Amino acid sequence: MSETLQTTDAAASDANLLAQTAIAVRAAGSALRERFGEVVRYQTREELMRALAVNDDRALDILRPRLTGLRPDAGWVEDELDGGALPPGEWWVVDPAEGNVNHLHALPEWAVTATLVRDNQPVLTAVHLPLTGETYTALTGAGAHLDGRPLHVSPTADLGLSIVATSQARPDEDEKVVRRVGSSITAMLLDALVVRTAVPATLHLTNVAAGRIDAFWQFAGARADLLPGALLVSEAGGQISDAQGRPWTPQSESFLAAAPGIHAQAVATLSR
């Protein structure tokens, strides 16, 4: 078989895999939607963690067998808060309830995500928002889509006219990172039009990919937070780097996704 045919067959296989992955995240999202609506009360961190785990487990009971069936030899990232590089090969990076704490508080900003990573590069991703019914997908080299419609980042070229966003890196973050987040928000408040701060990161990144907001940045962070959005934004024509403008990897200490027209301006602001 020629190299061209092999490449075509691989692309077709990945496209089919993405379609099946989207079905899986929709099924998990439907299960979580059934649990949504009432604020879950808790008095201690232990009670909070148990409530979060119930949602995670409900979605994972659907996602794990389906995704494992699609790629039996792929590894599985157990902790969605993990960061850093993965061993070689294929891995499923899944967040069964991205924005889980929002779900518990009856807030609408939450999703189900599944990303296939191949040799530390995201190959495909599906992000489902159960309350709106939207499904964002991206496949390397084939673009990013919302329910089948192509996505494109904003054409803006002026940070001063831009809506930008950031997200808390993770609970119990190192104080140095927390202070860096605070100073970066202050810098962006001075330079950008509007600054949004909320969790989860993935939903901000779907908005960057869709051209609704112009940039998103974060310090530290986890693979499951950033990999789906990184692929969506890059396939929608956006620029991905760390906050200093260097190439981003899961080991990087910062992350920036922006429309190309304001990327350099955002880097300058975050580097102050």
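**Exercise 1. In this predicted model, find which backbone oxygen the side chain of Thr-202 reaches, and decide whether Thr-202 is buried or exposed.**

Solution. Begin with the side chain of Thr-202, which reaches the backbone oxygen of Asp-225 at a distance of 3.1 Å. Next, place the residue in the chain: Thr-202 belongs to helix α5, which covers residues 201-209. Then turn to its accessibility: the relative value for Thr-202 is 0%, and because buried means under 20%, Thr-202 counts as buried. Finally, list what surrounds it: once neighbours within four places in sequence are left aside, Thr-202 is in contact with Glu-98, Thr-113, Val-127, Ala-224 and Asp-225.

**Exercise 2. Describe how the axes of α5 and α6 are placed relative to each other, and state which residues meet.**

Solution. First take the axes: those of α5 and helix α6 (residues 223-235) come within 8 Å and cross at roughly 5 degrees. Since angles under 35 degrees count as roughly parallel, α5 is therefore roughly parallel to α6. Now look at the residues: on the α5 side, Ala-201, Thr-202, Leu-205, Thr-206, Val-208 and Ala-209 take part, and on the α6 side they meet Ala-224, Asp-225, Leu-226, Gly-229, Ala-230, Leu-232 and Val-233. Sorted by class, this contact of α5 with α6 holds nine nonpolar, three polar and one charged residues.

**Exercise 3. Give the strand order of the open sheet of seven strands, and find how the helices α5 and α6 lie on it.**

Solution. The order of this seven-stranded open sheet is β1-β2-β3-β4-β5-β6-β7, and its pairing is mixed. At the edges stand β1 (75-76) and β7, each of which pairs on one side only. Within the sheet, β3 and strand β4 (residues 121-129) run antiparallel and are joined by seven bridges; as one case, Thr-113 has Val-127 in β4 as its bridge partner. Helix α6 packs on this sheet, where α6 touches β2, β3, β4, β5 and β6, and the direction of α6 makes about 100 degrees with that of β4. Helix α5 lies across β2 (90-98), β3, β4 and β5 (134-139), and α5 likewise runs at about 100 degrees to β4. Thr-113 and Val-127 also appear among the contacts of Thr-202, a residue of α5.

**Exercise 4. Give the strand order of the open sheet of five strands, and find which helices lie across it.**

Solution. Here the order is β9-β8-β10-β12-β11, again with mixed pairing in an open sheet. The edge strands, each pairing on one side only, are β9 (194-197) and β11 (239-241). Neighbouring strands of this sheet are turned against each other by 15 degrees on average, with direction ignored. For one pair in detail, β8 and strand β10 (residues 215-219) pair in the parallel sense over three bridges, and Thr-166 has Trp-217 in β10 as its bridge partner. Helix α5 lies across β8, β9, β10 and β12 (254-258), running at about 150 degrees to β10, while helix α7 (residues 260-270) lies across β10, β11 and β12, at about 150 degrees to β12.

**Exercise 5. Locate the cis peptide bond, and say what is unusual about phi in Ala-106 and Asp-147.**

Solution. As background, most residues other than glycine have a negative phi, and most peptide bonds are trans. The cis bond joins Val-199 and Pro-200, with omega at about 5 degrees, and Pro-200 lies in the loop between β9 and α5. Turning to phi, Ala-106 has a positive value near 60 degrees; Ala-106 sits in the loop between α3 (100-104) and β3 (111-118) and, at 26% relative accessibility, counts as partly exposed. Asp-147 has a positive phi near 50 degrees, is placed in the loop between β6 (143-146) and β7 (149-150), and is partly exposed with a relative accessible area of 41%.

**Exercise 6. Describe the setting of Asp-172, including which side chain it contacts.**

Solution. Asp-172 has its place in the loop between β8 (163-166) and α4 (175-191). Its relative accessibility is 63%, so Asp-172 counts as exposed. The side chains of Asp-172 and Arg-45 are joined by a polar contact of 3.0 Å. As for distance across the model, the C-alpha atoms of Asp-172 and Ile-262, which are 90 residues apart along the chain, are separated by 31 Å.

Notes. Residues are numbered from 1 along each chain as its sequence is written. This is a predicted model: local features need pLDDT of at least 70, side-chain atom pairs count only at pLDDT 80 or more; totals for chains, interfaces and linings use all residues. Side-chain values use heavy atoms; hydrogens and water are left out. Helices (H or I, at least four residues) and strands (E, at least two) are DSSP runs, numbered from the N terminus. Buried means under 20% relative accessible area, exposed over 50%, partly exposed in between (1.4 Å probe, protein chains only). A polar contact is a pair of N or O atoms within 3.5 Å; within protein, one must be able to donate a hydrogen and the other to accept it, and residues adjacent in sequence count only if both atoms are side-chain atoms. Contact means heavy atoms within 4.5 Å. Two strands pair if DSSP finds at least two bridges between them. Axes are lines fitted to C-alpha atoms, for helices over the stretch in contact, and angles run from 0 to 180 degrees between N-to-C directions. Angles under 35 degrees count as roughly parallel, over 145 as roughly antiparallel, 65 to 115 as roughly perpendicular and the rest as oblique. Ala, Val, Leu, Ile, Met, Phe, Trp, Tyr, Cys and Pro count as nonpolar, Asp, Glu, Lys and Arg as charged, and the others, Gly among them, as polar.
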